[in-house]
Amino acid sequence: MSDERIKTVVEDLERTLLVFIRKHQITHDEYRHATDLLVSSITAGEDSLLLDVFFAAEATDIGNLGRKASPQAIEGPFYVPGAPALEPPYIVPQRPNEGGDPLYFSGCVTGADGEALACTEMDFWQADADGLYSNIHPGIPDWNLRGRFRTDAQGRFEVKTILPPPYEIPKNGPAGRLLSVLGRHFFRPAHLHVKLRHSGYKELTSQIYFQGSDYIDSDVANAVRDGLVVPLRRKDSASELAARHLQRAYWEVRYDFALMPD
Ligand code: MBD
Ligand code: FE
C-alpha cells in the first residue's frame, strides 16, 4: 500500500469518524470504552476475529467486483502458513479418533478460459468436530485438519477430511460480549477454507459452504456469497461404502475453481 493511498484513506477515515463522534455526541468515557474494547481484543488474541466478523467480507467483496473467475472469500482469523505438504492419496492430518463424518472434497482447477491448471497448490484448513482450529485453539495437535496438496495433470484434486460443524465465536471474549449486546448469535455456517496458488495466476483465498446447512442465511460474519455454496451429498448405500472401503456413511462435496491470470 503506497503512502499516497494511506494518506487518502486515513484522512477520509479521520473526517468520517469526526463527523460520527459529533453526530452521536460521543463522550470521552465512551471513546475510552471503544479503545479499551480494541485493546482487550488484542490481549485476548481476538483482534482479527473481532474485526473480521464486522468488516472483512465487505473488503473481500471489493475484489469480487467484475471478477470473471471464482469468487474469493474472507481468509478469516485462523489461517496459518506452512501447513504440511501431503502425499497422494490426500488425507488431511487427523487424530485416530477424529470426530465428524468422513468428507471427500474434490473438484478441478482451471484458468478463467477453462485451461486445466495442473500442480496447483491447495492450502487447506478447517475446524474440527468441536468447531475448533488446530494451531489456534489449545489441546489439538499442530496442523490437525490442515494441509497442502496439489492438483493432478488434469487439474483435478480430491482430499479426504471430516465434515466440520458450524463455527461458534467464543461467547465470553470481547467479540462475543459485543455480539451479545448487539443481540446477534455467534455462529458461522460450516465451511472449508482454501488458498490456491499457481504461477502466472493470482492467489485465490476462498471458502466453501454447504447448501441448506445451519446459519447459511445468517452468518455472523456475513461472508456467505452465491457461488460459494454447493450441495453436500450423503453416501450410505452398500455400493457407495464399498467404493470408499468405509463402514460408515460419508459425504462428498465438489467445487471447481477458476483462477485469474496475473
Ligand atoms: C472463522 O472460522 C472464520 O472463518 C471467520 C471468517 C471468522 C471467524 C471464524
Ligand atoms: Fe473458519
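# Strand pairs, an iron ion and a ligand

Q: Which residue in strand 8 does M122 stand opposite?
A: In this predicted model, strand 3 (residues 121-125) and strand 8 (residues 191-197) run antiparallel, joined by five bridges. Strands here are DSSP runs of E with at least two residues, while helices are H or I runs of at least four, both numbered from the N terminus; two strands count as paired if DSSP finds at least two bridges between them. In strand 8, the residue opposite M122 is L196.

Q: What pLDDT do local features need in this predicted model?
A: Residues count from 1 along each chain as its sequence is written, with chains lettered from A and ligands numbered from 1 in the order they're written. Side-chain values use heavy atoms and leave out hydrogens and water, totals for chains, interfaces and linings use all residues, side-chain atom pairs count only at pLDDT 80 or more, and local features need a pLDDT of at least 70.

Q: How many of the 262 residues are buried, as a percentage?
A: First, the overall picture: the chain has five helices and 13 strands, and its C-alpha trace spans about 65 × 40 × 30 Å along the principal axes. Buried means under 20% relative accessible area, exposed means over 50%, and partly exposed is in between (1.4 Å probe, protein chains only). By that yardstick, the buried share of the 262 residues is 42%.

Q: Which strands stand at the edges, each with a single partner strand?
A: The open sheet has five strands in the order 4-3-8-9-10, with mixed pairing. Two of them have a single partner strand each, so one side of each is left without a neighbour in the sheet: strand 4 (146-150) and strand 10 (229-230).

Q: Which residues coordinate the iron ion (ligand 2)?
A: Donors are N, O and S atoms within 2.8 Å of the metal (3.2 Å for Na, K and Ca), and with water not among the atoms, a site may look incomplete. Along the chain, the donors of the iron ion follow the spacing Y-x57-H-x1-H. H191 and H193 are both buried. At 2.0 to 2.1 Å, the iron ion is coordinated by Y133 (OH), H191 (NE2) and H193 (NE2).

Q: How much of the 260 Å² that ligand 1 exposes when taken alone does the protein bury?
A: The surroundings of ligand 1 include L49, I74, F78, Y167 and Q207, going by heavy atoms within 4 Å. Its oxygen atoms come 2.9 Å from a side-chain N or O atom of Y133, 3.1 Å from a polar side-chain atom of R188 and 3.2 Å from a side-chain N or O atom of H191. Taken alone, ligand 1 exposes 260 Å² (Shrake-Rupley, 1.4 Å probe; for residues, only the protein chains shown count as cover). The share of that area buried by the protein is 100%.

Q: How far does the side chain of H137 lie from the backbone nitrogen of Y133?
A: H137 sits in the loop between strand 3 and strand 4. With a relative accessible area of 17%, H137 is buried. Its side chain reaches the backbone nitrogen of Y133 at 2.8 Å.

Q: Which residue's side chain has a polar contact with that of T161?
A: T161 has its place in strand 5 and is buried, at 1% relative accessible area. A polar contact is a pair of N or O atoms within 3.5 Å; within protein, one must be able to donate a hydrogen and the other to accept it, and residues adjacent in sequence count only if both atoms are side-chain atoms. At 2.6 Å, the side-chain partner of T161 is Q126.

Q: Is R156 buried, exposed or partly exposed?
A: R156 lies in strand 5 (residues 156-162). Its C-alpha is 8.3 Å from that of L117, 39 residues away in sequence. At 45% relative accessibility, R156 is partly exposed.

Q: Which residue in strand 12 does R234 stand opposite?
A: Strand 12 (residues 250-254) has four of its five residues buried, so it's largely enclosed by the rest of the structure. Strand 2 (residues 102-111) pairs with strand 12 in the parallel sense over four bridges, with S106 opposite R254. Strand 11 (residues 232-235) runs antiparallel to strand 12, also over four bridges. There, the residue opposite R234 is W251.
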